[in-house]
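Reader: I should be grateful for a close description of a single pocket in this model, with the terms explained as they arise.

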Amino acid sequence: MSTEKIVAEEGARLDFSRDMSYGDYLRLDQILNEQQPLSPAHDEMLFIVQHQTSELWMKLMLHELAAALAAIREDRMPEAFKMLARVSRIMEQLVGAWNVLATMTPPEYTAMRPYLANSSGFQSAQYRCIEFSLGNKNAAMLKPHAHKPELLARVDAAYRAPSLYDEALRLMARRGIEVPASHLERDWTQPYEASDGVQQAWLQVYRDPGAHWDLYQLAEKLTDIEDAFRLWRFRHVTTVERVIGFKRGTGGTGGVSYLRKMLDVVLFPEIWTLRTHL
């Protein structure tokens, strides 16, 4: 049977002169016209699409993180688990995207690099909000957004709010597990510092998962997220080294040297170190 007959037999709607179509709903005319290469290089389209789609995934990640944080604050743990699981899957999408960008060779990137000027993924406001929401706070990272007050306000709000891990510790305290007061009410703009007391709290959870099932599940969801985040960082540094070697980044960092340092950042330290002490 021909495709034409199948479509006719199924009664598919074909006239959208008066109704909303798929393209209308997704605003595809607008989205698909936002890829505007600045160079004559063929591979700049890949570079643009890679980063624009990554920003869309990050938008969804922030949407899920915000909802998960609210759910944890309100003790709605089944909902929080679903959202955090989705965050991990989004990270997997972002990790896989590096495989496409890695098809760009050094000469191909060199042909378009001058057109980037000083723009860099280092300046992504959404990525910075994700880092802040996961606890990697750094006041200096607000500066790239100072020229756009509304954008700065969004990043600053994430900077000043308790992180996902902070909310996990507060939940633990609400469930009757002793958590050091220094880690329940602190300056949320400061980077998290590991604590023996927090490790003991998590050890209590892991030594009796059945009695603390929600907290145990939450810890494993956090582990999944950081595991995926580490993979993303590793694929980032290896892709950058493959494409540009050890040249400085367009945003002014050392490029690979900076990204390698970021590999050492641990977001939820006690959840990892407790495994040694079980």
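Author: The account below treats the pocket and then turns to a helix pair. The model is predicted, with pLDDT of at least 70 required for local features and 80 or more for side-chain atom pairs, while totals for chains, interfaces and linings use all residues. Residues are numbered from 1 along each chain as its sequence is written, and side-chain values use heavy atoms, without hydrogens or water.

The second largest pocket (an open set of points on a 1 Å grid over the protein atoms alone, where a 1.4 Å probe fits, with protein on both sides within 12 Å along at least five of seven lines) has a volume, the space filled by probe spheres set on the points, of about 330 Å³. Its lining, meaning residues with an atom within 4 Å of a point, consists of 14 residues. Nearest the centre of this pocket lie Leu26, Arg27, Leu28, Ile31 and Leu56.

Three helices (DSSP runs of H or I, at least four residues, numbered from the N terminus) each supply at least two lining residues: α2 (22–26), α3 (28–31) and α4 (44–73). The largest share, 4 residues, comes from α4. By class, the lining of the second largest pocket holds 8 nonpolar residues (Ala, Val, Leu, Ile, Met, Phe, Trp, Tyr, Cys or Pro), 2 charged ones (Asp, Glu, Lys or Arg) and 4 polar ones (the others, Gly among them).

Elsewhere, α7 and α8 are in contact (heavy atoms within 4.5 Å). Ala125, Gln126, Arg128, Cys129, Phe132 and Ser133 of α7 meet Leu151, Arg154, Val155, Ala158 and Tyr159 of α8. This contact has 7 nonpolar, 2 polar and 2 charged residues.
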